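Okay, thanks for coming, everyone. Have a look at the model on the screen, and then I'll walk you through it.

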Amino acid sequence: MKLPIYLDYHATTPVDPRVVEAMLPYFTEKFGNAASRSHAFGWTAEEAVERSREEIARLIGANDERTAQPDAKSIVFTSGATESDNLAIKGVAEFYKEKGNHIITTKIEHKAVLDTCKRLEKEGFQVTYLDVDKYGMVSPDDVAKAITDKTILVSVMLANNEVGTVQPIAEIGKITRGKGVLFHSDAVQGIGKVPFDVNAMHVDLASITAHKMYGPKGVGALYVRRSKPRVRLTAQMDGGGHERGLRSGTLNVPGIVGFAKAAEIMRTEGKAEAERLLSQREYLKKKLMSRLEEVHLNGHPEQRLPGNLNLSFAFVEGEAMLMAIKDVAVSSGSACTSASLEPSYVLRSMGIGEEAAHSSIRFGLGRWTTQEELDYVADLVVDKVNKLREMSPLWEMHREGIDLTQVQWAAH
Amino acid sequence: MAYSDKVIDHYENPRNVGTLDKNDENVGTGLVGAPACGDVMRLQIKVEEGKIVDAKFKTFGCGSAIASSSLATEWLKGKSVEEAEKIQNTAIVEELNLPPVKIHCSVLAEDAIKSAIADYRAKQEAKKAAKAAE
């Protein structure tokens with residue numbers, strides 16, 4: 001077992017060696033520009049890109065409803081999900097602005113969605129940020145109620161990166177399709193780990209990225225539905241008209257090939273992997289919660305990503321925990337770990353209280369997580385939580401039976 | 001953001017973690033911060049003949065907060081109450097090499113010291129008043 005141990009798979013993932021192998025020829029031998037139409041270097045690159053496109057479409061169930069074959073043309077390659085989110089939201093807003101100016105999203109979306117919406121608000125669009133419940137789940141009814149005749153887009157993530165809660169995408173899709181409103185989902189964290197099918201769930205736009213599924217950083221895709229309805233977008237990157245005019249710029253061929261290989265592996269091995277991750281996650285959760293008191297799970301207990309375990313260890317602050325378990329890579333919702341000194345906005349939106357955010361730790365399990373690592377981490381975490389609780393005035397006050405919610409704190 | 005060696009040292013080898021009897025008339029207790037802010041420090045001093053003979057702390061907060069309050073207890077021991085009042089957060093920042101984003105931890109430690117001293121003084125006043133009333 002090597003140290004440090006990586007348990008932050010929601011932040012990024014190592015590239016699968018099979019993916020690296022698939023990419024290599026495209027750096028040195030098959031290095032052509034996929035847009036070079038007049039010679040074999042370009043044709044070879046283009047073929048690789050088209051095969052990759054099909055693979056990505058296959059992963060998300062983007063099948064042409066007539067032929068039941070993957071609709072490769074519905075996949076637009078980008079530099080990553082942040083760009084895909086920008087393209088989806090700004091692209092729809094700009095194209096459909098004569099039809100309406102209202103967008104609906106949730107308070108727990110990734111910043112790539114939230115900040116894009118904030119920018120659109122400055123340009124005169126109206127955005128509704130839906131609340132979530134204490135599990136971080138959005139209600140399809142709330143979506144339905146928020147839709148007006150000016151609504152042009154609903155954007156709800158497939159699964160939240162912090163607490164792992166999986167959203168009711170199929171129910172929301174039914175509502176948006178019924179009301180003729182476009183539905184975008186940032187599917188980054190859930191792809192391959194939980195069911196996601198753009199046709200079955202009536203999703204019209206979907207953002208995905210390679211580096212969260214054991215592919216390389218710097219490449220992602222946006223699914224853009226081509227029929228019933230045909231989604232139109234205003235391109236955000238101009239210059240050359242690549243990707244059917246939706247996203248100009250020379251394609252990152254090696255990245256795309258790697259992305260497709262990662263997608264193929266996810267499609268074929270993802271289900272078994274998800275089952276393994278689920279049992280490993282439950283194992284870690286049980287070990288920690290049986291050996292420590294006052295440990296609380298953040299996010300939905302069942303409808304969550306299999307590898308995600310977000311726990312609040314009461315009376316111990318998150319960054320102190322990270323320092324204490326410094327040979328284990330995890331992350332925290334504590335203010336002290338953010339550059340802006342703001343605690344996690346996701347946990348705040350769930351209404352679980354700021355103190356719970358400050359004492360939260362997110363464990364993200366993944367493809368190479370071993371039982372040995374989990375045993376080591378469980379022992380270490382239990383030991384350090386106990387040690388930090390010995391140093392915590394809040395733990396002492398709790399043991400004395402003092403109700404901390406009744407104390408008058410002298411905050412500065 | 002790698003942790004500074006001194007900050008890690010205070011966490012791994014904590015000095016003066018503990019609790020003094022807050023009902024002891026020679027003990028001053030300062031409790032500052034709030035759980036909602038992610039920072040709570042409890043700092044206690046035991047004073048005999050105007051000199052701080054013992055100091056203890058407990059902190060809910062990040063590594064820099066723990067180190068700041070731990071360092072504060074180290075510096076308090078052996079000082080007179082007047083000298084203790086002069087301890088400034090900037091000295092803590094320098095000693096621990098705190099980056100700008102962690103300066104507020106040292107400010108809270110300075111607040112904790114002043115709060116403990118204020119509590120001690122309040123107790124002495126109450127004692128005097130009680131005596132005068134007899």
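Let me start with a question: in which sense do β2(A) and strand β8 of chain A pair, and over how many bridges? They pair in the antiparallel sense, and there are 4 bridges. One thing before I go on: this is a predicted model, so please listen to everything with that in mind.

Staying with those two strands, β2 of chain A covers residues 75-78, and its partner β8(A) covers 220-224. If you want one pair to click on, take V76(A), whose bridge partner in β8(A) is L222(A). Now look at the two faces of β2(A). On one side you have I75(A) and F77(A), on the other V76(A) and T78(A), and all of them are buried. That back-and-forth fits the usual picture: in a regular strand, side chains alternate between the two faces of the sheet.

Let me zoom out on chain A for a moment. It's divided into domain 1, which is 5-9 plus 270-397, and domain 2, which is 17-266. So where do the C-alpha centres of these domains lie relative to each other? They lie 30 Å apart. Where the domains touch, 20 residues of domain 1 of chain A are in contact with 22 residues of domain 2 of chain A. On the domain 1 side, the elements that each supply at least two residues are α8 (253-291), β10 (308-313) and α10 (345-349) of chain A. By class, that side has 6 nonpolar, 11 polar and 3 charged residues.

Keep β10(A) in mind, as we'll see it again in a sheet. Here 4 strands of chain A form an open, antiparallel sheet, in the order β9-β10-β13-β12. At the edges you find β9 (295-297) and β12 (331-332) of chain A; each has a single partner strand, so one side of each is left without a neighbour in the sheet. And α8(A), the helix from the domain contact, packs on this sheet too, touching β9, β10 and β13 of chain A. The direction of α8(A) makes about 10° with that of β10(A).

The strand I like here is β13(A), residues 360-364. How many of its residues are buried? 5 of 5. Face by face, S360(A), R362(A) and G364(A) are on one side, I361(A) and F363(A) are on the other, and both faces are covered. On to its partners: 5 bridges join β10(A) to β13(A), running antiparallel, while 2 bridges join β12(A) to β13(A), again antiparallel. R362(A) is a nice place to stop, with N310(A) as its bridge partner and S331(A) standing opposite R362(A) as well.

Right, over to chain B. There are 5 helices and 3 strands in it, and from the N terminus on, the elements run α-β-β-β-α-α-α-α. The radius of gyration of chain B is 15 Å, close to the 14 Å that the globule rule gives for 134 residues, so chain B is as compact as a globular protein of that length. Buried residues make up 44% of the chain. And of the contacts in chain B with a separation of 6 or more, 63% are between residues 24 or more positions apart.

The 3 strands form an open antiparallel sheet, in the order β1-β2-β3. The edges are β1 (27-34) and β3 (51-60) of chain B, each with a single partner strand, so one side of each is left without a neighbour in the sheet. Neighbouring strands are turned by 15° against each other on average, ignoring direction. β1(B) is joined to β2(B), residues 39-48, by 8 bridges, and G33(B) stands opposite V40(B) there. Two helices to point out: α2 of chain B (63-76) packs on the sheet, touching β2 and β3 of chain B, with its direction about 170° from that of β3(B). Then α5 of chain B (103-133) packs on the sheet touching β1 and β2 of chain B, and its direction makes about 140° with that of β1(B).

Last stop, the two chains together. 27 residues of chain B are in contact with 25 residues of chain A. Which elements of chain B give two or more residues to that side? They are α1 (5-12), β1, β2, β3, α2 and α5 of chain B. The largest share, 4 residues, comes from β1(B). By class, this side of chain B divides into 17 nonpolar, 7 polar and 3 charged residues.

Definitions and conventions: Residues are numbered from 1 along each chain as its sequence is written. Chains are lettered from A and ligands numbered from 1 in the order in which they are written. This is a predicted model: local features need pLDDT of at least 70, side-chain atom pairs count only at pLDDT 80 or more; totals for chains, interfaces and linings use all residues. Two strands pair if DSSP finds at least two bridges between them. Axes are lines fitted to C-alpha atoms, for helices over the stretch in contact, and angles run from 0 to 180 degrees between N-to-C directions. Two residues are in contact if their C-beta atoms, placed from the backbone, lie within 7 Å. The radius of gyration is taken over C-alpha atoms; the globule rule is 2.2 Å times the number of residues to the power 0.38. A residue is buried if 20 or more other C-beta atoms lie within 10 Å of its own, exposed if 12 or fewer, and partly exposed in between; C-beta atoms are placed from the backbone. Ala, Val, Leu, Ile, Met, Phe, Trp, Tyr, Cys and Pro count as nonpolar, Asp, Glu, Lys and Arg as charged, and the others, Gly among them, as polar. Domain bounds come from an automatic or database domain assignment.
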